[in-house]
Amino acid sequence: MAAKATAATPPGSIRRIVGASLIGTTIEWYDFFLYGSAAALVFNTLFFPAADPLTGTLIAFVTYAIGFLARPLGGIVFGHFGDRLGRKKLLVISLLLMGGSTFAMGLLPTHATIGSAAPVLLTVLRLVQGFALGGEWGGAVLIVAEHGGDRNRGFWASWPQAGAPGGNLLATGVLALLAAVQSEEAFLAWGWRIPFLLSGLLVVVGLWIRLSVAESPLFLEAQARAEAAAAGGVKDRAPVVQVFRKSWREVLTAIGARFGENISYYVLTSFLLVYVTVHLGLPKSAALNSVLIGSAVHFVTIPAWGALSDRIGRRPVILIGSVGMAAWAFAFFALLDTESFPVIALAVTAGLLLHGAMYGPQAAFVTELFDTRVRYSGASIGSQLASIVAGALAPIIAVELLKDYGSATPVSVYLCLAALVTTLTVVLARETRGRALADAGAAPVSAPAAERV
């Protein structure tokens, strides 16, 4: 028997909730990606000086990866309390942690000033960033998905996803602007600090907006049921325990669905900066402006892919992206090797367009895998475990392959295989479109019967 469709929040309210979630995730991803861009362009010399530029960059990317190691822990902690206390409270905490650690990075003395203590302090702050982001993604997606109706969930839930390219666009744009108006010496001396200190202002704006939204109605209903059950003597297990006991298959599905998407994104954006500036010897502006153009297109098209998944299903849209990325992995570096800025920008934009097909429907797809009482935990754990095995290692593996072989071909093979892992996972997974979030284990609701938003 089909489950009852999730009641939709009024259109005006859902737009306000989506806007608040999008702005919050954009700020958090700005903070997180700012480190990635700085690791490729600045931190390799200021915090990890080495004779070989690629070696310094590799060490900088190791600390970049450390932020990913903290993300599953953030996912577990934030997921647990998000399933117990609510989505909204935890989103406020994650924003404060992320913004505070990024602002502090802008105040750090460099290796030349305090020696080895500089990279240690930078690494600690990176861990805090990772911990905060590990709790951000699940909450931001869920508070939108649980307010919206079943019919257009792919579209509404994809907007927080657009916060990733939005944050990357903002971070890269600020760095590109500073690089354009400052000399190399001024940028390395103090200019690089400005984007990090700007995070303090962005957090104030984000908090004001995030505090204005209502708590998820589905969470409040589930909380009331849990309290009634507890009053009757029914013991409620910790959400993380329930996830690993009953939903481990769904966690594996979330990891596989994110695998190719995660690796491709960091190759297309973070590793690209290294390849273009160090390997090809082109100006920083060529790499930064290419990412800027690609991120702008990425930002606009992610909701379009989410909307398409409401029409034809989550799986077909994700497969368009994963299969396309497996093929584009080889064309991508061939286009970069032309050393032509328009061609490089085209290569990045096309790659991010394919990435968006995987990323746009992902929010709804992962959300629909789990029940309300464990959804924050399940979605966060699955997503953030993927970040360790995929995104954390992607720039490191890519730089090491380039360093060892002096060619991008092994990187293309790596990217292709990652995309094929996602393809296989999604082929084996069940379709989730139209599934009522009030009872994620029920049969999908047919599209015409689902609630309109």
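Begin by selecting helix 12 together with helix 17 in this predicted model, and colour the residues at which the two elements meet: on the helix 12 side these are Val 251, Ala 254, Ile 255, Arg 258, Phe 259, Asn 262, Ile 263 and Tyr 266, and on the helix 17 side Ile 381, Gly 382, Ser 383, Leu 385, Ala 386, Ser 387, Val 389, Ala 390 and Gly 391. Sorted by class, the residues of this contact comprise 11 nonpolar, five polar and one charged.

With the pair still displayed, compare the directions of helix 12 (residues 248-279) and helix 17 (residues 375-392), whose axes lie 8 Å apart and make an angle of about 45°. Helix 12 and helix 17 are therefore oblique to each other, since an angle counts as oblique when it falls in none of the roughly parallel, roughly perpendicular or roughly antiparallel ranges. The handedness of the crossing of helix 12 and helix 17 is right-handed.

Keep helix 12 on screen, hide helix 17, and select helix 15 (residues 341-359), which packs against helix 12 at an angle of about 155° with the axes 10 Å apart. That angle makes helix 12 roughly antiparallel to helix 15, because the limit for this description is an angle over 145 degrees. The crossing of helix 12 and helix 15 is left-handed. To see the contact itself, show Arg 258, Gly 260, Glu 261, Ser 264, Tyr 265, Leu 268, Thr 269 and Leu 272 of helix 12 against Val 348, Gly 351, Leu 352, His 355, Met 358 and Tyr 359 of helix 15; these residues divide into seven nonpolar, five polar and two charged.

Next, move to helix 13 (residues 284-312), where the end C-alpha atoms are 41 Å apart, in agreement with the 42 Å that 29 residues should span at 1.5 Å a residue. Centre the view on Thr 301, the site of a kink of about 30° in helix 13, which comes shortly before the proline Pro 303. After helix 13 comes Gly 313, whose phi is positive, near 110°.

The last stop is helix 14, whose 23 residues reach 31 Å from the first C-alpha to the last, close to the expected 33 Å; at Trp 328, helix 14 bends by about 40°. Add helix 19 (residues 409-428), which packs against helix 14 (residues 314-336) at an angle of about 170°, with the axes 8 Å apart. Helix 14 and helix 19 are therefore roughly antiparallel to each other. Residues to highlight in their contact include Ile 318, Leu 319, Phe 330 and Phe 333 of helix 14, and Leu 415, Cys 416, Leu 420 and Val 427 of helix 19. By class, the contact of helix 14 with helix 19 has 16 nonpolar, four polar and one charged residues.

Key:
Residues numbered from 1 in each chain as written. Predicted model: local features only at pLDDT ≥ 70, side-chain atom pairs only at ≥ 80, totals over all residues. Heavy atoms only, no water. Axes fitted to C-alpha atoms, helices over the stretch in contact; angles between N-to-C directions. Helix = DSSP H or I, 4+ residues; strand = E, 2+ residues; numbered from the N terminus. Parallel < 35°, antiparallel > 145°, perpendicular 65-115°, else oblique. Left-handed = near helix turned anticlockwise from the far one by under 90°. Contact = heavy atoms within 4.5 Å. Nonpolar A, V, L, I, M, F, W, Y, C, P; charged D, E, K, R; others polar. Expected span 1.5 Å × (residues − 1). Bend = angle between axes of the 7 residues up to and from the residue.
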